[in-house]
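User: Hi! Could you walk me through reading the fold of one chain and its contact with a neighbour?

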Amino acid sequence: MKTTKRTRRAARRLFRACFAGGRLDEGRVQLAVRRVAAARLRGSLPLLSHLRRLVKLERARHEAFVETATPLAPELRSSVASNLTRAYGPGVSLAFAENAALIGGMRVKVGSDVYDGSVQKALHALQERF
Amino acid sequence: MDNLLLEIEEQIAGAKAAVAKENVGVIREIGDGVARIEGLTDAMLNEMIDLGKGITGIALNLDETEVGVIILGDYTRLQEGDEVRATGKLLQVPVGKGLLGRVVNTLGEPLDGKGPVPGEAAYPVEKTAPGIIKREKVSQPVQTGIMAIDAMIPIGRGQRELIIGDRSTGKTTIGIDTIINQARLNKAAEAKGEKDYRPLYCIYVAIGQKQSSIARIIATLEQHGAMPYTIVLASPASDSAASQYLAPFAGAAMGEWFMDNGMDALIIYDDLSKHAVAYRQVSLVLKRPSGREAYPGDVFYLHSRLLERAARVAEKYGNGSVTALPIIETQAGDVSAYIPTNVISITDGQIYLETDLFYQGVRPAISVGLSVSRVGSAAQLKAMKQVAGQLKGDLAQFRELAAFAQFGSEVDAKTQAAIDRGKRIVEVFKQPQYSPVPVEVQVAVMWCVQNGYVDDVKVERVREWQAKLTDFLTTRKAEILARIGKEKAIGDALKAELKTAADQFKETWK
C-alpha cells in the first residue's frame with residue numbers, strides 16, 4: 001500500500017477538518033472515517049491509514065505516561081495531574097504504571113517530552129561522567 | 001587516597017542535576033545510514049541526535065510527522081523502536097592548534113592512535129560565512145612552490161582556487177606540494193625567527209578516497225616533515241555517506257578557528273565530486289526530490305556555502321584568512337558537466353589539468369589556456385610579476401603556433417623564435433612532484449628565461465640547465481636570492497647583479 005504525496009495531503013486536510021475548538025473531535029473523526037470507507041474510492045485505504053497515523057500522533061501529544069518504581073499515593077497522583085494540566089493545558093489524559101527498573105523517583109512522558117527524575121537516570125548520568 | 005575520594009564525591013555532586021525536560025523520539029524506520037524518527041517535536045535543523053549506544057545522528061529533514069536523521073557511525077546496531085533524544089546542540093568538532101599533526105575523522109575523533117585530540121574549543125560544523133563588512137581583499141600570496149602556478153596562476157590568501165582535471169592527472173599532487181612548501185616556509189621562518197612571517201597551516205580533507213591513498217598521502221607528508229603544520233581529516237570510501245557529506249564542513253570549521261584567531265589556513269577538499277555523490281546518496285535515501293543527474297536541488301548551495309567560508313578578514317577582525325583549494329574530478333575532460341560548472345562558477349579561478357599534457361610528460365599538466373586566477377594576481381610578488389607578466393600570453397601563443405608547426409610548413413623567423421622560446425618555457429615549467437621551488441629561485445630562473453639566456457640551450461637539456469643554474473645561484477649567489485626575497489622587486493641594481501650572475505653561469509655552462 002503506497003501512500004502518495006496527494007493521499008498524504010488529502011489525509012492532512014481531512015485531519016484538520018476533524019478539529020473543533022482547537023482539539024481533535026472524536027465524533028468528527030468517526031464520521032470522516034465512515035464517509036470515506038462508504039465512498040469506496042480508489043486510494044481511500046492509504047488515505048485512512050495516513051489519517052490513523054496523524055490521529056495517533058495527535059493523541060500521543062496529549063497523553064501523559066507516568067512511571068514510578070513503587071505505586072503512587074492518590075494525593076501524589078492528583079498533584080502530578082494538576083501540574084501537567086498547568087503545563088500542557090486541559091485534556092491531558094494520564095496513565096500511571098510501575099517500573100521497578102527505575103529503582104526510585106519518577107519518569108513522566110508527555111508526547112515527545114520526557115521529565116526523568118529516576119534513580120536509574122541519575123546512575124546513568126554518573127556512569128557517563130566517569 | 002583522599003584525592004580519589006574527593007574526586008568521586010565531586011563526580012557524584014555533579015551528577016545530581018535537576019530534572020530537565022528532554023525531547024525524545026522513537027525510531028520508526030532505519031536503513032542505508034538514515035533513520036526516520038517519530039516524535040522529537042522540538043528538534044532543530046542540523047541538531048545532534050543521541051541515538052544511544054554511543055551513536056550520533058544529525059536531523060536533516062523536519063517533516064510534519066517525523067524527523068529524518070543521518071547516522072554518523074555503525075547504524076546496524078540500532079533497531080526500530082529504540083528511543084532517541086535530542087541533544088539541543090548543533091554538530092560541533094574540536095578545533096585549535098592541538099589538531100596539527102593529527103589524523104582525525106569527521107567528528108574530530110583521532111584515527112592515528114596517538115591518543116585523544118586536545119581541542120582548544122569546539123566549533124559548529126555549519127556556520128555562516130563572514131559577511132561583506134568583515135572581508136578584506138586578497139593581497140597576500142600563497143606560495144605553492146610550483147613554478148607554473150606561482151608564475152601564471154597565482155593564488156592569494158583567502159582565495160578559492162579550483163583544481164580540476166581527469167583522474168590521475170596530478171590534482172592531489174598539487175595540493176600535497178603546496179602543503180609541503182608551506183611546511184618548508186614555516187620551518188625556515190621559525191629558524192630565522194622572523195616575526196613578520198605569517199605561517200600558513202594546512203588542512204587536508206580526504207572525502208571518499210581509498211584508505212590506501214590516504215595512508216600514502218600521510219606517509220608523504222610525514223616524510224617531508226609537513227605533518228606538524230597539517231591536519232588530515234579523513235572520511236574514506238568506507239565511511240558512511242553522511243560522514244563524507246559532513247567532512248568538508250568539519251574541515252572548514254577547523255580552518256575558521258585559525259582565521260578567527262588571526263592566523264592563516266589553507267584547506268584542500270579532495271574531492272568535491274565525491275562529496276556531491278555522497279550528498280546525492282544521503283538526499284535520495286531521505287527521499288528529497290532529485291533534479292539533474294539525480295542530484296538534489298540544493299547541490300549548488302551545498303558547495304557555495306562551503307566555499308564562501310574561505311575568506312580574508314579585515315585587520316580589526318584579526319586579519320586571518322582561510323584559503324580553499326577544492327578539487328574536482330572530471331570525466332573524459334568534460335568541464336561542462338553539472339558539478340564542475342557549479343564549482344567553477346563559485347570559485348575565484350581554476351587550475352585545469354589535461355590528460356594529454358600529462359602523458360606528453362608535461363608535469364604538472366597545467367593547461368595554460370583554460371586555467372585562470374581571478375584575484376590572485378593582486379597577491380603576486382612584484383618581482384614575480386616583473387618576470388612572469390608576459391609568460392602566460394607567450395605560452396598560449398606558443399601552443400597555437402606549435403599546432404601550425406606540426407604540419408611541417410615553413411614559418412618565418414619571428415614565429416620560429418616564438419616557438420623555440422615556448423618549447424623552452426614548457427621545459428622550465430616541468431617540475432617533479434614533492435619538490436617545491438623557493439620563490440626567489442623561481443624569480444631568478446624566470447628572469448634568465450625572459451632575458452634570453454635559455455635560448456641557446458638545447459630543448460632536451462633545458463632541465464639540466466635549470467638544475468645547474470639553481471645550484472649555481474643557491475651555492476654561489478645566495479646573496480642575490482636573499483635580496484630578491486627581501487626586496488620583493490627587481491630594481492636596476494638587482495637587475496645588474498642578476499645579469500652578471502647569469503653571464504658568469506653562461507660561461508661555465510657546457
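Analyst: Happy to; we will take chain B by itself, then its contact with chain A. This is a predicted model, where local features need pLDDT of at least 70, side-chain atom pairs count only at pLDDT 80 or more, and totals for chains, interfaces and linings use all residues. Residues are numbered from 1 along each chain as its sequence is written, and chains are lettered from A and ligands numbered from 1 in the order in which they are written.

User: How many helices and strands does chain B have?

Analyst: Helices (H or I, at least four residues) and strands (E, at least two) are DSSP runs, numbered from the N terminus. Chain B has 16 helices and 18 strands. Its radius of gyration (over C-alpha atoms) is 26 Å, close to the 24 Å from the globule rule for 510 residues, so chain B is as compact as a globular protein of that length. That rule is 2.2 Å times the number of residues to the power 0.38.

User: What does the C-alpha trace of chain B span along its principal axes?

Analyst: About 85 × 60 × 45 Å.

User: And how many residues of each chain take part in the contact?

Analyst: Two residues are in contact if their C-beta atoms, placed from the backbone, lie within 7 Å. Chain A gives 15 residues and chain B gives 15 residues. On the chain A side, helix 3 (44-61), strand 6 (113-116) and helix 5 (119-129) each give two or more.

User: Which strand of chain B is joined to strand 6 of chain A?

Analyst: Strands pair if DSSP finds at least two bridges between them. Here three bridges join strand 6 of chain A to strand 1 (residues 21-31) of chain B, and the two run antiparallel. Within strand 1 of chain B, B:Asn23 is the bridge partner of A:Asp113.
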